[in-house]
Structures are given as structure tokens and as C-alpha cells.
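Colleague: Before I use this model, I would like to go through the labels attached to it and hear the reasoning behind each of them.

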Amino acid sequence: MARTGPHGRAERRSAGELESEVLATLWATDEALTPADIQGEIGGNLAYNTVHTILKRLYDKGLVLRDVDGRRGAYRPAKNAAELTAEAMHEALDRGPDPIAALQQFVTGLSPQEEEALRVLLGGSGM
């Protein structure tokens, strides 16, 4: 779970960072992957047991599914990246006291391309 930092010292990745790397690896393929497959894709000095632990955490959170019909111990994402991001955005809005104000702040930070995409998605209505 360690990698080399800018000063040659070992740095540990956070569990959240590792979960993101594992999910990104799973999203990059249409096939279910074993912990060994994922370990090989991520590279570095990541231990097999660490990958397995991360997959177990992701499974417990409902973010990955275990492939029971195919290869033993193979995993695939339960949601694609866009679905997971949208879910996180909805949860963030639900946590705040004023979701409309939060949306206003969010929209003011959009790039011109993101703003145009949002306009198209909303049917061309202005903001």
C-alpha cells in the first residue's frame, strides 16, 4: 500500500484513494476482474490482500458486485462513474440546509462547456 513520494520516502495511499483507483480500474473494462487482475492493473507495491480488503469494503458499500456465475472472486462495478457522481451530488444537496443556494454556487463554478451541456440537458432554458 506504499508508494514512493517526492523525497524518496514511502507514502501510504488513503483508503478512499485506493477505492477510487479500484473503481477506475473496474470502470475501464466490461469484464469482471479478480483481485489479482486489479493488483496487476494498479501496479506499484500494492499487496493482493490490500486489494481484496478494498474490494470487500466496496462490496459492503454496494459499489461493486461479486460475479458468482463467472470466475471465482471476480468483481464488477454496481454503478458507472456518472451514476456514482450524480448520487454523491444528490446526497450533498440533501445534507445542506439550502439546496437551491448550493445549486446556485455550483452553477457559478461551471466551465463554459459544462454550462452549455447543462443548458442542453435542461431543454435550452436559461438560468
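Colleague: Why is Lys56 called partly exposed?

Modeller: In this predicted model the relative accessibility of Lys56 is 44%, and since buried requires a value under 20% and exposed a value over 50%, Lys56 falls in between and counts as partly exposed. Asp60, with a relative accessible area of 52%, passes the upper limit and is therefore exposed.

Colleague: What makes the pair Lys56 and Asp60 a salt bridge?

Modeller: The N to O distance between their side chains is 2.9 Å, and the rule asks for a Lys or Arg nitrogen within 4 Å of a carboxyl oxygen of Asp or Glu, so the pair qualifies. As for their placement, Lys56 and Asp60 are four residues apart in helix α3, and they are therefore separated by about one helical turn.

Colleague: How do you know that Glu115 and Arg119 form a salt bridge, and where do they lie?

Modeller: Their closest N and O atoms are 2.8 Å apart, which satisfies the limit of 4 Å, so the label applies. Both residues lie in helix α6 (residues 112-121), four residues apart, or about one turn of the helix. Glu115 is partly exposed at 27% relative accessibility, and Arg119 is partly exposed as well, with a relative accessible area of 25%.

Colleague: What makes the salt bridge of Lys61 and Glu19 a link between distant parts of the chain?

Modeller: The side chains of Lys61 and Glu19 meet at 2.9 Å, N to O, while the two residues are 42 apart in the chain, with Lys61 in the loop between α3 (48-60) and β3 (64-67) and Glu19 in helix α1 (residues 15-27). Lys61 counts as exposed because its relative accessibility of 52% is over 50%, whereas Glu19, at 11%, is under 20% and so counts as buried. By the same distance rule, the count comes to four salt bridges.

Colleague: Why is Thr25 called buried?

Modeller: The relative accessible area of Thr25 is 13%, which is under 20%, and therefore the residue is buried. Thr25 is found in helix α1, and, leaving aside its neighbours within four places in sequence, it is in contact with Leu33, Ile38, Glu41 and Ile42.

Colleague: And why is Asn49 called exposed?

Modeller: Asn49, in helix α3, has a relative accessibility of 57%, which is over 50%, so it counts as exposed. Asn49 and Pro35 are 14 residues apart in sequence and 8.4 Å apart in space, C-alpha to C-alpha.

Colleague: What lines the largest pocket, and how do its residues divide into nonpolar, polar and charged?

Modeller: The largest pocket has a volume of about 560 Å³, and of the 17 residues that line it, Met89, Leu103, Phe106, Leu110 and Leu118 are the closest to its centre. The elements giving two or more residues to this lining are α4 (81-95), α5 (99-108) and α6, and α4 gives the most, with six residues. The lining divides into 14 nonpolar residues, two polar and one charged.

Colleague: Where in the protein chain is confidence lowest, and where is it highest?

Modeller: The mean pLDDT is lowest in strand β1 (residues 2-4), at 53, and highest in strand β4 (residues 74-77), at 96. For the protein chain the mean is 87, and 84% of the residues reach 70 or more. Where pLDDT is low, the predicted coordinates should not be read in detail.

Key: Residues are numbered from 1 along each chain as its sequence is written. This is a predicted model: local features need pLDDT of at least 70, side-chain atom pairs count only at pLDDT 80 or more; totals for chains, interfaces and linings use all residues. Side-chain values use heavy atoms; hydrogens and water are left out. pLDDT is the predictor's confidence in each residue, from 0 to 100. Buried means under 20% relative accessible area, exposed over 50%, partly exposed in between (1.4 Å probe, protein chains only). On a 1 Å grid over the protein atoms alone, a cavity is a set of points where a 1.4 Å probe fits but cannot get out, and a pocket is an open set with protein on both sides within 12 Å along at least five of seven lines; lining residues have an atom within 4 Å of a point. Grid points are joined across faces, edges and corners, and a volume is the space filled by probe spheres set on the points. Ala, Val, Leu, Ile, Met, Phe, Trp, Tyr, Cys and Pro count as nonpolar, Asp, Glu, Lys and Arg as charged, and the others, Gly among them, as polar. Contact means heavy atoms within 4.5 Å.
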